[in-house]
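Q: I'm new to reading protein models and would like a close look at a single part of this one. Could you walk me through it step by step?

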Amino acid sequence: RYTKHILIVHWGGVNVGKIQFSRELAAGIRAAQHGNSERARELLEGVLRRDRNNEQAWIWMASVVDSQ
């Protein structure tokens with residue numbers, strides 16, 4: 001398993017790392033909405049590794065985890 005590293009670069013006042021982070025969250029939500037739970041979990045776990053307090057990521061993660 002590899003770890004994806006995000007380089008945070010400020011360019012013209014835009015935080016490129018935050019844009020990538022937002023895209024990953026959006027992609028996780030889309031995957032969940034389309035029923036791709038495994039991919040959604042991968043993406044949302046990445047979001048939560050960087051921001052344990054991200055409420056949207058937790059809410060969507062709850063919708064794709066396997067409960068036993």
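A: Let's begin with Glu 42, which is partly exposed, because its relative accessible area is 38%. In this predicted model, Glu 42 forms a salt bridge with Arg 39, and their closest N and O atoms are 3.0 Å apart. Arg 39 is also a partly exposed residue, with a relative accessible area of 40%. Glu 42 and Arg 39 are 3 residues apart in helix H2, so about one helical turn separates them. A general rule helps here: an α-helix has 3.6 residues a turn, so residues three or four places apart point the same way.

Now let's look at helix H2 itself. The 14 residues of H2 should span 20 Å at 1.5 Å a residue, and this agrees with its end C-alpha atoms, which are 20 Å apart. Several residues of H2 are buried, namely Ala 40, Leu 43, Leu 44, Gly 46, Val 47 and Leu 48.

Where do some of these residues belong? Ala 40, Leu 44, Val 47 and Leu 48 are among the 12 residues of the largest nonpolar core, which also includes Phe 21, Leu 25 and Met 61. Helix H1 (16-33), helix H2 (37-50) and helix H3 (55-64) each supply at least two residues of this core. The largest share, 5 residues, comes from H1. As a general point, nonpolar side chains tend to be buried together in soluble globular proteins.

H2 has a link to H1 as well. The structure holds 2 salt bridges, and one of them joins the side chains of Glu 24 and Arg 50 (2.1 Å, N to O). Glu 24 lies in helix H1 and Arg 50 in helix H2, so this pair ties together parts that are 26 residues apart in sequence. Glu 24 counts as buried because its relative accessibility is 8%, whereas Arg 50 is partly exposed, with a relative accessible area of 41%.

Just follow the chain onward to the loop between H2 and H3, where Asn 54 lies. Asn 54 counts as buried, because its relative accessibility is 11% and the cut-off for buried is under 20%. Leaving aside residues up to four places away in sequence, Asn 54 touches Phe 21, Leu 25, Val 47 and Leu 48. Those four residues are members of the largest nonpolar core.

To place H2 in the whole, the protein has 3 helices and 2 strands, and along the sequence they follow the pattern β-β-α-α-α. Of the 68 residues in the protein, 28% are buried.

Terms used:
Residues numbered from 1 in each chain as written. Predicted model: local features only at pLDDT ≥ 70, side-chain atom pairs only at ≥ 80, totals over all residues. Heavy atoms only, no water. Core = buried A, V, L, I, M, F, W, Y, C linked by side-chain atoms within 4.5 Å. Buried < 20%, exposed > 50% of the residue type's maximum accessible area, 1.4 Å probe, protein only. Helix = DSSP H or I, 4+ residues; strand = E, 2+ residues; numbered from the N terminus. Contact = heavy atoms within 4.5 Å. Expected span 1.5 Å × (residues − 1). Salt bridge = Lys/Arg side-chain N within 4 Å of Asp/Glu carboxyl O.
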